[in-house]
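User: I am new to this structure and would be grateful for a close look at one part of it. Please begin from a single residue and then place that residue in its surroundings.

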There are 2 protein chains.
Amino acid sequence: MEQDQHIDNLVQELRRGVIVLAILSQLQEEQYGYSAMKQLADQGLNIDQGTLYPLLRRLESQDLLESKWRLEDSRPRRYYVISPHGRQVLHSLQQEWSQIVATMDTLLSEQERK
Amino acid sequence: MEQDQHIDNLVQELRRGVIVLAILSQLQEEQYGYSAMKQLADQGLNIDQGTLYPLLRRLESQDLLESKWRLEDSRPRRYYVISPHGRQVLHSLQQEWSQIVATMDTLLSEQERK
């Protein structure tokens with residue numbers, strides 16, 4: 001039980017690292033929180049609302065996202081879209097990501113040969 | 001300046017997620033801390049000693065690694081190697097990693113098309 005917890009924590013840590021990159025990549029077109037969450041889930045990245053919504057607000061406060069309220073179906077929804085600064089950060093993160101994937105490819109394929 | 005700090009933090013977060021996976025994959029053969037650090041650095045994953053050494057001890061306390069002291073060149077060195085439980089966890093993390101890479105491939109290639 002405790003050991004499963006370790007695995008869960010490690011898996012969470014693995015996912016946490018990519019969440020910002022995933023969100024920035026998806027918010028090149030504006031979306032509200034729930035639609036962004038659904039789109040990521042469709043691609044296999046499940047993020048619960050309790051994680052995503054505060055993260056969207058944090059990314060906005062860091063000037064990586066911009067948001068505006070829209071009235072839709074008689075209810076207000078906050079739409080988020082990547083900011084110009086966010087695009088630069090996305091570009092840096094993508095380069096870093098490519099390098100990490102290449103490194104891990106090497107490390108994990110070496111391991112398979114053993 | 002502050003914006004560079006954001007990028008640095010995000011890059012660190014991206015790397016942090018893969019460090020345990022990288023370490024477990026490399027410790028299928030026993031190594032002491034410094035040699036593991038050097039091997040990872042050779043593959044492009046730089047981890048400083050202040051991060052790596054406590055992490056090795058944490059992974060041992062979680063029964064993912066085993067260690068023993070050896071006397072070498074008249075100085076004691078603590079050698080680490082993956083434990084049987086660590087191998088199971090490594091297997092789970094590798095599967096998760098493959099899935100994350102596949103998801104990100106889809107998300108990032110969609111984005112390029114836009």
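Which residues does B:A22 touch, not counting residues up to four places away in sequence?

Analyst: The model discussed here is predicted. Leaving aside residues up to four places away in sequence, B:A22 touches A:M104, A:L107, B:L40 and B:L45. The list thus includes A:M104 and A:L107 from chain A, together with B:L40 and B:L45 from chain B.

B:A22 also belongs to the largest nonpolar core, which has 52 residues. Within this core, B:A22 is one of the residues with the most contacts, along with A:A22, A:L24, A:L93, B:L24 and B:L93. A residue counts as buried if 20 or more other C-beta atoms lie within 10 Å of its own, and a nonpolar core is made of buried residues, so B:A22 is buried.

The contacts of B:A22 with chain A lead to the interface. The contact between the chains takes 38 residues from chain A and 38 residues from chain B. On the side of chain A that touches chain B, α1 (2-26) and α4 (84-113) of chain A each supply at least two residues. That side of chain A divides into 17 nonpolar, 16 polar and 5 charged residues.

The two chains are related by symmetry. A turn of 180° with a shift of 0.0 Å along the axis lays chain A on chain B, with an RMSD of 0.0 Å. This is the relation of a two-fold axis. The same surface serves both copies, since 100% of the contact residues of chain A recur in chain B. In chain A, the residue that comes closest to the rotation axis is A:G17, whose C-alpha lies at 2.7 Å.

Beyond the interface, the sheet of chain B deserves attention. Its 3 strands form an open sheet in the order β1-β3-β2, with antiparallel pairing. β1 (31-32) and β2 (65-72) of chain B stand at the edges with a single partner strand each, so one side of each has no neighbour in the sheet. As a general point, strands of a sheet pair through backbone hydrogen bonds, either parallel or antiparallel.

The pairings can be followed residue by residue. In chain B, β2(B) is joined to β3 (residues 75-82) by 8 bridges. Among the residue pairs, B:K68 has B:Y79 in β3(B) as its bridge partner, and B:L71 has B:P76. β1(B) pairs with β3(B) over 2 bridges, in the antiparallel sense; here B:Q31 has B:Y80 in β3(B) as its bridge partner.

Chain A can be described in corresponding terms. Strand β1 (residues 31-32) of chain A is joined to β3 (residues 75-82) of chain A by 2 bridges, and these strands run antiparallel. In this pairing A:Q31 stands opposite A:Y80 in β3(A). Strand β2 (residues 65-72) of chain A is joined to β3(A) by 8 bridges, again antiparallel, and the bridge partner of A:E72 in β3(A) is A:R75.

The turns of these strands have backbone features of their own. β2(B) and β3(B) form a hairpin with 2 residues between them, and B:D73 in the turn has a positive phi of about 50°. B:S74, in the loop between β2 and β3 of chain B, has a phi near 65°, a positive value in a residue other than glycine. B:S74 is exposed, because 5 other C-beta atoms lie within 10 Å and the limit for an exposed residue is 12 or fewer. In chain A, the hairpin of β2(A) and β3(A) has 2 residues between the strands, and A:D73 takes a positive phi near 50°.

Another positive phi occurs just after α3(B), where B:D63 takes a value of about 65°. B:D63 lies in the loop between α3 (49-61) and β2 of chain B. With 15 other C-beta atoms within 10 Å, B:D63 is partly exposed. The helix before this loop has 13 residues, which should span 18 Å at 1.5 Å a residue; the end C-alpha atoms of α3(B) are 18 Å apart, in agreement with that value. In chain A, helix α3 (residues 49-61) likewise has 13 residues and reaches 18 Å from its first C-alpha to its last, close to the expected 18 Å. A:D63, which follows α3(A), has a positive phi near 65°.

To return to the starting point, B:A22 touches residues of both chains, A:M104 and A:L107 as well as B:L40 and B:L45.

How values were computed:
Residues numbered from 1 in each chain as written. Chains lettered and ligands numbered in written order. Predicted model: local features only at pLDDT ≥ 70, side-chain atom pairs only at ≥ 80, totals over all residues. Core = buried A, V, L, I, M, F, W, Y, C linked by C-beta atoms within 7 Å. Contact = placed C-beta atoms within 7 Å. Least-squares fit on C-alpha atoms with pLDDT ≥ 70 in both. Helix = DSSP H or I, 4+ residues; strand = E, 2+ residues; numbered from the N terminus. Nonpolar A, V, L, I, M, F, W, Y, C, P; charged D, E, K, R; others polar. Expected span 1.5 Å × (residues − 1). Pairing = 2+ DSSP bridges.
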